[in-house]
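Take the sheet as the starting point, then follow the helices to the ligand.

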Amino acid sequence: MKYHNCYHHNEWPWGKSVTIITKDGTGMVNMDFEKSNPGVCYVSELSVLPQCRKQGIATYLMHECIDYCLTDNLENHDNPIFRIDINSVMESFVMDFYHKLGFEDIEESNGYMKMYKIIVPTKPIVLK
Ligand SMILES: CC(C)(COP(=O)(O)OP(=O)(O)OC[C@H]1O[C@@H](n2cnc3c(N)ncnc32)[C@H](O)[C@@H]1OP(=O)(O)O)[C@@H](O)C(=O)NCCC(=O)NCCS
């Protein structure tokens, strides 16, 4: 693994959030798992320090989110994550970046592009 991360887990009345920050503080991303939206991970706050951009840090952080959901699925069979949602800023390189990661557009809303990616488990999930 190229970077080391800090994972901050928080429990909230509405669900849980996990924030990943690279240990050197160069980038971060947040994942929300809402009880009212089971099976969905909402990714937000993806940001990299301006002087550290274009080095693959955001790409790495997004792969960490996807890996987190896949790992969580193997441990949490009651509530598997099947989709990641994102509201992308309407900047073409950012939208291209998400498309390359497998995200698809849903619709433009309030100046953002709503996108989603289906999570395909690496092992079969046995639902109870
Ligand atoms: C968007 C952001 C997170 C990208 O971070 P990053 O670490 O520079 O991204 P990466 O190095 O992983 O690059 C991802 C891709 O975007 C491209 N890219 C990054 N910055 C770019 C720029 N300013 N112009 C054009 N392309 C750019 C890279 O070349 C790369 O493309 P590739 O996969 O074809 O090589 C960063 O620019 C940022 O923090 N912006 C401000 C916050 C923001 O807009 N967040 C997104 C919220 S939806």
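**From sheet to ligand**

This predicted model holds an open sheet of 7 strands. Their order is β1-β2-β3-β4-β5-β7-β6, and the pairing is mixed. β1 (5–12) and β6 (104–109) stand at the edges. Each has a single partner strand, so one side of each is left without a neighbour in the sheet. On average, neighbouring strands are turned by 20° against each other, direction ignored.

Look at the edge formed by β6. Strands of a sheet pair through backbone hydrogen bonds, either parallel or antiparallel. β6 and β7 (residues 112–118) run antiparallel, joined by 5 bridges. Within this pair, Asp 105 stands opposite Met 115 of β7.

Now add the helices. α1 packs on the sheet and touches β1, β2 (15–22), β3 (27–34), β4 and β5. The direction of α1 makes about 25° with that of β3. α2 lies across β5 and β7. Relative to β5, α2 runs at about 165°.

Next comes the ligand. Which residues come closest to the ligand? They are Val 48, Arg 53, Ala 58, Thr 59 and Phe 93, out of 16 residues that surround the ligand. Four elements give two or more residues each to this shell: β4 (40–48), α1 (57–75), β5 (83–89) and α2 (92–100). Which of the elements gives the most to the shell? α2 does, with 4 residues. By class, the shell has 8 nonpolar, 5 polar and 3 charged residues.

Put the two views together. α1 and β5 are in contact, and α2 lies across β5. These elements, α1, α2 and β5, are among those that give two or more residues to the shell around the ligand.

Definitions and conventions: Residues are numbered from 1 along each chain as its sequence is written. This is a predicted model: local features need pLDDT of at least 70, side-chain atom pairs count only at pLDDT 80 or more; totals for chains, interfaces and linings use all residues. A residue is near a molecule or strand if its C-beta atom, placed from the backbone, lies within 6 Å of it. Ala, Val, Leu, Ile, Met, Phe, Trp, Tyr, Cys and Pro count as nonpolar, Asp, Glu, Lys and Arg as charged, and the others, Gly among them, as polar. Two strands pair if DSSP finds at least two bridges between them. Axes are lines fitted to C-alpha atoms, for helices over the stretch in contact, and angles run from 0 to 180 degrees between N-to-C directions. Two residues are in contact if their C-beta atoms, placed from the backbone, lie within 7 Å.
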